[in-house]
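Subject: Structure for your review

Dear colleague,

Please find below the structure that I am handing over to you. My notes on what was found in it follow.

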Amino acid sequence: MAQCVSRVQLTVACRRLLDRDIGSKSDPLCVLLQDVGGQRWAELDRTERIKNCQDPEFSKKLLVDYYFEKVQKLKFGVYDIDNKSAELSDDDFLGGMECTLGQIVSSSVFTRPLELKEGKPAGKGTITITAEEIKDTRVVNLEIEARNLDKKDFLGKSDPFLELYKQSDAGMWHLVYRSEVVKNNLSPCWRKFSVPLQTFCGGDLNKPIKVQCSDYDSDGSHDLIGVFETNLTQLQKAGDGSPVEFECIHPEKKQKKKSYKNSGIISIKSCKIETDYSFLDYVMGGCQINFTVGIDFTGSNGDPNSPDSLHYISPDGINEYLIAIWSVGSVVQDYDTDKLFPAFGFGAQVPPSWQVSHEFALNFNPNNPYCQGIQGIVDAYRQILPQIRLYGPTNFSPIINHVARFAAHSAQQRTASQYFILLIITDGEITDLDQTRQAIVNASKLPMSIIIVGVGEADFKAMEFLDGDNGVLKSLTGEPAARDIVQFVPFRQFRNAPREALSQVVLAEVPKQLVSYYKLQGWPPVRLLDIKKM
């Protein structure tokens, strides 16, 4: 069972960042990484990107689980983002800072200089981090629109966006949310958004909230349209077709003009407080995680009897396939009470007919492909190797569709009781890419995640394409995946790392994926427990 943890949200602000853009200021974003051992870092979270700003105050909070009993090494990296790719290697590095989570939570405000590398300061740049424990899992869901806003642009209408601030006990205003910009519109309707109740008002429904509406300018010199103050108690009166409306007031205009009324009306269409369930809420509430393994037995792996083969079992009894099974399975098995795991192979000729099969049970029992525990999968793998002929092609879709059938059956119960993880271990290029894309898009609507571990030295470009980190994966017909459910990791990056490093990276996305599925469906945990956070 996962340890009891506190969730901590980190607020990040930077000052005097380096200016890397010619003709304009930098467009900074902050990424948070955690040390996962073996000198490897895994990304935990990242802020939004702020255009043309050397003193950014990031609105998006960085979330991290806090374990008192672990030294959690963190690295903050600030980048100047000039493209749409999620990859940071092609962006300018503006500076970073390493520390531990313990250092941050034990300081009320933690400020450090940014460095380009150890001992080399990033100009006069600094980073300030404040931590707040999330004790409340409720979220505020808001829908806001406006009408008759002031026209601020000489040639067009305004490009309005909202910023919401909460007031601290010391009277300071702290940014809690920044909306998207609605271009060229004096009566904008902003996207629905959610803010944790703790972030929004510290759980105090009467705490003052300031709502500021501004006209966006690409050079960062945004013009104030107007502002008003309220609190959550007032906002909650909105809903069921009767909005709560506020006059948007520009203080200087009000002082100068006696005839001044307002700079527009901000209308709160809906404001609801709802519970946001965590991964632990679902797991401790009775959700079982079902683990299935698919192993690539195609000819490109090489003859299992040859030491060059990826399926060759070394004298100490291991190979990359076995290490991947052990490291991922040993974490996942804690969440499955019966410890019975279906395990399949694909891409081999199997007896007695020697036909190529793309989903054969490792124990040769199609009616009962379950292995007892992770050791059972390992034993079945070792026994089957001498009995099959490695062949091809490398087809993923049959095994994805196989697990998806079980996930679809479980989803018919309309409860958060079963979630499915498929681990595919493969040595390379996928043959049925189009069918696999369709299978993943279909599976994205089901309680299911797919982890692909690439072994050997092959080019894994197709796998990286399936992992939707650089944009939403689409089927051949253009249908987008409902959620990102694929995580791909090349094993070669972990050869010299501790075994737990691989599992930490490949399983990092699963809690988010599980929660996003049940949230999409609107299903609460099966047993609503009062989970006490330590």
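I begin with a single pairing: Leu-33 has Lys-75 of strand S5 as its bridge partner. Please bear in mind throughout that this is a predicted model.

The strands around S5

Leu-33 and Lys-75 are a convenient entry point to the surroundings of S5. Strand S2, residues 28–35, pairs with S5 in the antiparallel sense, and 7 bridges connect the two. S5 is also joined to strand S6, residues 92–100, by 8 bridges, and this pair runs antiparallel as well. Within that second pairing, Gly-77 is found opposite Gly-96 of S6. S5 itself covers residues 73–80 and is mostly covered, with 6 of its 8 residues buried.

In the loop that leads from S2 to S3 lies Gln-39. The phi angle of Gln-39 is positive, near 55°, although the residue is not a glycine. Gln-39 counts as exposed because its relative accessibility is 78%, and the cut-off for that class is over 50%.

Strands S19, S20 and S23

An open sheet is formed by 3 strands in the order S20-S19-S23, with antiparallel pairing. Its edges are S20 (355–357) and S23 (389–390), each of which pairs on one side only. Between S19, residues 348–350, and S23 there are 2 bridges, and the two strands run antiparallel. Ala-348 has Leu-390 in S23 as its bridge partner.

The loop between S19 and S20 deserves your attention. Pro-352 is found there, and the peptide bond joining Pro-351 to Pro-352 is cis, with omega at about 0°. Trp-354 has its place in the loop between S19 and S20 too. Trp-354 shows a positive phi, near 60°, in a residue other than glycine. With a relative accessible area of 30%, Trp-354 is partly exposed.

A cis peptide bond also leads from Gly-392 to Pro-393, where omega is near -5°. Pro-393 belongs to the loop between S23 and helix H8 (397–411).

Helix H11

Which residues of helix H11 are buried? In this helix, residues 499–506, they are Ala-501, Leu-502, Ser-503, Val-505 and Val-506. The elements that cover these buried residues include strand S3 (41–46), helix H6 (320–332), strand S25 (448–454) and strand S26 (486–490).

The protein as a whole

The protein contains 12 helices and 26 strands. Its C-alpha trace spans about 95 × 55 × 50 Å along the principal axes. The radius of gyration is 26 Å, which agrees with the value near 24 Å for a compact globule of 534 residues. Of these 534 residues, 51% count as buried.

Among contacts with a separation of 6 or more, 71% are accounted for by residues 24 or more positions apart. The protein exposes about 25,200 Å², of which carbon and sulfur atoms supply 50%. As for charge, there are 59 positive and 68 negative side chains, and the centres of the two sets lie 6 Å apart.

If you examine one region beforehand, I would suggest the loop between S19 and S20, where Pro-352 and Trp-354 are both found.

With kind regards

How values were computed: Residues are numbered from 1 along each chain as its sequence is written. This is a predicted model: local features need pLDDT of at least 70, side-chain atom pairs count only at pLDDT 80 or more; totals for chains, interfaces and linings use all residues. Side-chain values use heavy atoms; hydrogens and water are left out. Helices (H or I, at least four residues) and strands (E, at least two) are DSSP runs, numbered from the N terminus. The radius of gyration is taken over C-alpha atoms; the globule rule is 2.2 Å times the number of residues to the power 0.38. Buried means under 20% relative accessible area, exposed over 50%, partly exposed in between (1.4 Å probe, protein chains only). Contact means heavy atoms within 4.5 Å. Accessible areas come from the Shrake-Rupley method with a 1.4 Å probe; for residues, only the protein chains shown count as cover. Lys and Arg count as positive and Asp and Glu as negative; His and the chain ends are not counted. The place of a charge is taken as NZ of Lys, CZ of Arg, CG of Asp or CD of Glu. Two strands pair if DSSP finds at least two bridges between them.
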